[in-house]
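Colleague: I would like to go through this model and ask what stands behind the labels. Please set each value against its criterion.

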Amino acid sequence: MRIAHVITRMIIGGAQENTLHNCQDLVHLHGDEVLLVTGPAVGPEGDLLAARVRPDGVAVGRPEVDAEGRAGRFELDGLPIELVDSLRRAIHPVNDWRAARDLRRTLRAFDPDVVHTHSAKGGLLGRHVGWGLKRSSTGKRPVVVHTVHGAPFHDYQSRLAHDFFVRCERWAASRCHKLISVADAMTDLMVDAGVASREKFVTIHSGMNVDPFVHAVDHREMVRQKYGLRAEHVVVGKIARLFHLKGHVDLISAAKRVADQYPNVRFLLVGDGILRAELEQQIESLGLKEHFIFTGLVPPSEVPAMIGAMDILVHASYREGLARALPQALIAGRPAISYDIDGAREVVIDDQTGYLVGAGEVVDLADRMLRLVGDAALRQRMGCEGQTRFTDLFRHETMTRRIRELYSELIAAQ
C-alpha cells in the first residue's frame, strides 16, 4: 500500500507524535510505502524531526536546511519525508496557493493509494488536492482520510472566525472518504457543528509508545534530584506549550490556595512558549516563585521520566481533542485532573482515575488538587486504576493496525 500523510508542521506535540508513530509503523510493521509531507517546524515548540542519535550511535533526522527553511526530501529511520516550504500554519493566500500547487506536484509524483491528512491547514489543502488526484495505475482518486486531533473552531474565537472555520471544515469533509476522531467527543463536536454526518466518523484513539510510561517511575529520583525536588515534595505537573487557552494562568491562580495549605507542594511546568515571561510574572506576584519549576522544551523521549517525577498531572486546557498527557500520566500510574472538555472524560473518570473540573472553575481546580496533594493513598489508587484501564488501549501498534484496516476497507469499497 502507498500512503501519503500530510501535516502542516512537525513540532513537538501530540498530533505530530501520533502521525510519526503511524507512518513508522506502516513502514516497519506492515511494509508499506509511506511518504510524510510536512511544512517547516517554525515557532518555539521545537522540531520533532530534528537530528537525534540512535542507540547504535548513528545520527538521524532532519538535515541542515537553507536560509529559508527548505530541505526537500530526506529520510528519518527509513521513513521518507518531503519538506514543502510553502505549507505554513498561518493563513496566507499566496503561500496557500503555492502550498496546494506544491502538494499536488508531490502527491502526483508519489501516486498514493491513500492520502491521510492532519491539522487544520494540512487537512484543508491535503483533502482538496487529494480529492482532485487520479491514480496513474487505476484512474481512480486515492482514498482520502483526515484525522481530527482537535477542531479548529471553538468557543473562544470571535463569531466570525468560528463560522469561517466551521464552513472550511464542512467543505473539506465533503472531500474525503472518512474522518478519524481521536476521541468520541471530537465526533460529537463536529457532528453538532454540521461538519459531516456521524456515519462519516470513526474513533481511533491516538497511539503512543506506552512502555516508557509504564516504567516512568524508574527515572523518578534522577529527575527529581535534577530539579531540586526532595522526598517530602508533592509534585503537580503540567505538560503543555506555554500558550493561550492551555490553562497555565488558571493553574497558577489555583496553586496559591494549594501552596498556602501544603507548603511542600511543587509545580513542574514542562514545555515552552510565548507566554513564559507573563506566567513567571504572575507567579512572582503571587509569591509562588519557590513552588514553580519551568523545564523548558523537553524532547518526547524524556516526557516519561518527567511524568515519573510527578505525583499528579493537571491539564487545564480550554480546548483539546484528547490531550496525550492525560493517558500518558495514567499509564504511568499518576492520577490526572482535567478540565471537562472534549475527550478528557474518556480517560479521566471522575473519582476513579482522577477528577474532572468545569473549564475555568479555578476554585474547584484548587479543591481537587488539595484532595490529591494531601492523600498519598488516593493518588496510588487512582493511578493504578488508570494504568490498568488504558495501557493496552493506547499502544501505537493498536492505533496503526486499526487505521490500516480502515484504509483497506475504503480501498476495497471503491
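Colleague: Which residue stands opposite leucine 313 in strand 14?

Modeller: Glycine 237 does. A word of caution before going on: this is a predicted model.

Colleague: What makes strand 11 and strand 14 a pair?

Modeller: Two strands count as paired if DSSP finds at least two bridges between them. Strand 11 (residues 234-239) and strand 14 are joined by two bridges, so the criterion of at least two is met. The two strands run parallel.

Colleague: How do you know that strand 14 also pairs with strand 15?

Modeller: By the same kind of count. Three bridges link strand 14 and strand 15, in the parallel sense, and the criterion asks for at least two. Histidine 315 faces serine 338 of strand 15 in this pairing.

Colleague: And what is there between strand 15 and strand 16?

Modeller: Four bridges, again in the parallel sense, with strand 15 covering residues 336-339. Here isoleucine 337 is opposite tyrosine 355 in strand 16.

Colleague: What is the order of the strands in the open sheet of six?

Modeller: The order is 13-12-11-14-15-16, and the pairing is parallel. Strand 13 (292-296) and strand 16 (354-357) are called edge strands because each pairs on one side only. From one strand to the next the twist averages 20°.

Colleague: Why are both faces of strand 14 called covered?

Modeller: Strand 14 spans residues 312-315. Ile312 and Val314 on one side are buried, and so are Leu313 and His315 on the other. Buried means under 20% relative accessible area, so with buried residues on either side, both faces of the strand count as covered.

Colleague: Which strands make up the open sheet of eight, and how are they ordered?

Modeller: They run 5-6-2-1-7-8-9-10, and the pairing in this sheet is mixed. Strand 5 (73-76) and strand 10 (201-203) are the edges: each has a single partner strand, so one side of each has no neighbour in the sheet. The twist averages 25° from one strand to the next.

Colleague: What supports the pairing of strand 1 with strand 2?

Modeller: Seven bridges do, in the parallel sense, between residues 2-9 of strand 1 and residues 33-39 of strand 2. At least two would be required. Isoleucine 3 is opposite valine 34 of strand 2.

Colleague: Why is leucine 133 called buried?

Modeller: Its relative accessible area is 6%. The cut-off for buried is under 20%, so leucine 133 qualifies. Leucine 133 is in the loop between helix 3 (120-132) and strand 8 (143-148). Arginine 104 is 29 residues away from leucine 133 in sequence, while their C-alpha atoms are 7.9 Å apart.

Colleague: Why is serine 119 called partly exposed, and not buried or exposed?

Modeller: Serine 119 has a relative accessible area of 25%. Buried needs under 20% and exposed needs over 50%, so serine 119 falls in between. Serine 119 is in the loop between strand 7 (114-118) and helix 3. Its phi is near 70°, a positive value in a residue other than glycine.

Colleague: Where does aspartate 342 lie, and what is its phi?

Modeller: Aspartate 342 lies in the loop between strand 15 and strand 16. Its phi is positive, about 45°, although the residue is not a glycine. With a relative accessible area of 24%, aspartate 342 is partly exposed.

Colleague: Which residues lie nearest the centre of the second largest pocket?

Modeller: Asp311, Gly333, Arg334, Arg379 and Gln380, out of a lining of 14 residues. The volume of this pocket is about 230 Å³. Helix 13 (residues 376-390) gives the most to its lining, with six residues. By class, the lining has six nonpolar, four polar and four charged residues.

Colleague: What makes the chain as compact as a globular protein of its length?

Modeller: The chain has 14 helices and 16 strands. Its radius of gyration is 21 Å, and the globule rule gives 22 Å for 414 residues; the two are close, so the chain is as compact as a globular protein of that length. Of the 414 residues, 56% count as buried.

Note on methods. Residues numbered from 1 in each chain as written. Predicted model: local features only at pLDDT ≥ 70, side-chain atom pairs only at ≥ 80, totals over all residues. Heavy atoms only, no water. Axes fitted to C-alpha atoms, helices over the stretch in contact; angles between N-to-C directions. 1 Å grid on protein atoms, 1.4 Å probe; cavity = no way out; pocket = protein on both sides within 12 Å on 5 of 7 lines; lining within 4 Å. Points joined across faces, edges and corners; volume = space filled by probe spheres on them. Nonpolar A, V, L, I, M, F, W, Y, C, P; charged D, E, K, R; others polar. Rg over C-alpha atoms; globule rule 2.2 N^0.38 Å. Buried < 20%, exposed > 50% of the residue type's maximum accessible area, 1.4 Å probe, protein only.
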